[in-house]
Amino acid sequence: MRGFDALLPEQVFFQGMSPHALDTIAGCASNVRFAADEWIFQEGEDASRFYLLRHGKVALKAFVPGRGEVTIQTIEAGDVLGWSWLFPPYQWHFGARALELTRVIAFDGACLRMKAEADHDLGYELLKRFSQTIIERLQATRLQLLDVYGVHA
Amino acid sequence: MSAIRANPMAPDPWRIERIRRETPDTFTMELGPVVGETTRPFAAGQFNMLYVFGVGEVPISISGDPTRGTSLVHTVRAVGAVTRVMCALKRHDVLGVRGPFGSQWPLREAEGLDVVMVAGGLGLAPLRPAIYQILARRTQYGRVALLYGARTPADLLYRRELYRWGARADMDVQVTVDRGDNAWRGNVGVVPRFIATAQFDPLDTMALVCGPEIMMHFTLLELQKRGLTAEQIFLSLERNMKCALGFCGHCQFGPFFECKDGPVFRYDTIQRWFGKREV
Ligand SMILES: Cc1cc2nc3c(=O)[nH]c(=O)nc-3n(C[C@H](O)[C@H](O)[C@H](O)COP(=O)(O)OP(=O)(O)OC[C@H]3O[C@@H](n4cnc5c(N)ncnc54)[C@H](O)[C@@H]3O)c2cc1C
Ligand code: FES
């Protein structure tokens, strides 16, 4: 198994980060695997981690009364999963379920928050990257909501 | 490409030979000539004017295989006055056909390059002839990717073909829907998201894009993020049409007439007007 020092710089999400920052972040990382259909987290649970997908596919799920579990979006290798660990009350707003065997790097949220408080340069780098991801998801969600393929007479 | 006719506004009768329902409001029909001609050659990206006698005429892309020009294939979504009546037609009914009209996908220029095709909704219909043609000459192209987004799994066009193309080792097919259902195990999300991870070399790639304008807008941003220039991107646009011959001005788009200068445009030529209202 390769160490995180080799894995992290390969991830688009961390591109351009200083070796020092990567080293600090790697201290909060662990390697995790989910089987097909396994829940990674469920709505309402404590959001204690975030994940970077290395392999596989994950469905973001919302429970809609009457309709059951609805997939809002699927996430693939290279994507980041979860930002609820960054903002109080640190609870998942959606569930995430592996659709196939999925390998991720998991990052401990409390560990990262502590390090970001102590080192604001690191915190700013992380926030910049998460903001970018959040903006991309927001734009994508808007496009989904516009229902652009529908007939609008 | 179309033959010179005595009266280019007069449609020729073509008979519906086969109809296939694609989705609840979309169908694909194969037309054969009623008189005279045996084939009507066309280029991938072109369209015909289809006339429902007594109702009206609408521009519809040709969605069939340009390498097998025995019938004319069109995929139509019933949205309004003409297309709804067209949707109710049956096998052996006769339609009027004028065409083919318009510009084509740059498949010759794309030889030797990777090709990424991005389709949204019904935008897959005008791209399908390009897919057929590329696959017929597969060795002439580098990597080939098709990224296709639809509203729901029930709205996916050409399912069997999508499955077949997706099973090929020499084609990367990514299908995504805006809204999944419980049986759907595929991708959920908008199609531009898949551009970041599609396999192509930005220096040597041609992108062919067709879909609703807002979807194309986000697709362009993602393609440019990957390093494609406006010269490497071709779009197919839709404007209202009447004559399809560059006479009436109905389809004006900036300094262009979409019926004869388009519907396929290289992005740098229309960049100034694309996405603006009322051009
Ligand atoms: C070059 C070109 C190629 C085209 N290719 C195809 C094709 O392959 N298949 C196809 O089905 N259509 C295609 N179209 C669109 C098609 O021409 C129109 O949908 C058709 O003209 C509508 O005619 P209608 O009389 O049935 O509807 P109308 O009565 O003119 O329109 C009814 C309502 O539907 C809305 N509407 C019209 N078109 C669309 C649309 N495409 N999507 C969503 N809402 C719409 C209008 O806003 C209007 O309010 C193409 C258009 C162009 C310009
Ligand atoms: S439709 Fe008449 S000018 Fe184009």
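Here is a walk through the interface between chain A and chain B, followed by a look at one helix pair in chain A. Keep in mind that this is a predicted model.

Let's start with how the two chains meet. On one side, 24 residues of chain A are in contact with 28 residues of chain B. Putting the chains together buries about 2,200 Å², and carbon and sulfur atoms give 51% of that area. If you want to know where to look on chain A, try A:L143, A:Q144 and A:Y149: these lose the most area to chain B, and together they make up 34% of what that side buries.

Now for the charged and polar pairings. The rule finds 5 salt bridges across the interface of chain A and chain B. One to click on joins A:D147 to B:R151, with the closest N and O atoms 2.7 Å apart. There are also 9 residue pairs in polar contact across this interface, both partners being at pLDDT 80 or more. Which elements of chain A give two or more residues to the side that touches chain B? They are β5 (68-76) and α4 (120-146), and β5(A) supplies the largest share, 7 residues. Sorted by class, that side of chain A has 10 nonpolar, 6 polar and 8 charged residues.

Helix α4(A) also has a partner within its own chain. Helix α3 (residues 109-118) of chain A packs with α4(A) at an angle of about 125°, their axes 5 Å apart, so the two helices are oblique to each other. From α3(A), the contact uses A:L112, A:K115, A:A116, A:E117 and A:A118, while α4(A) brings A:H120, A:L122, A:G123 and A:L126. The residues in this contact split into 5 nonpolar, 2 polar and 2 charged.

Key:
Residues numbered from 1 in each chain as written. Chains lettered and ligands numbered in written order. Predicted model: local features only at pLDDT ≥ 70, side-chain atom pairs only at ≥ 80, totals over all residues. Heavy atoms only, no water. Contact = heavy atoms within 4.5 Å. Buried area = accessible area lost by both parts, 1.4 Å probe. Salt bridge = Lys/Arg side-chain N within 4 Å of Asp/Glu carboxyl O. Polar contact = N/O pair within 3.5 Å; in protein donor to acceptor, adjacent residues only side chain to side chain. Helix = DSSP H or I, 4+ residues; strand = E, 2+ residues; numbered from the N terminus. Nonpolar A, V, L, I, M, F, W, Y, C, P; charged D, E, K, R; others polar. Axes fitted to C-alpha atoms, helices over the stretch in contact; angles between N-to-C directions. Parallel < 35°, antiparallel > 145°, perpendicular 65-115°, else oblique.
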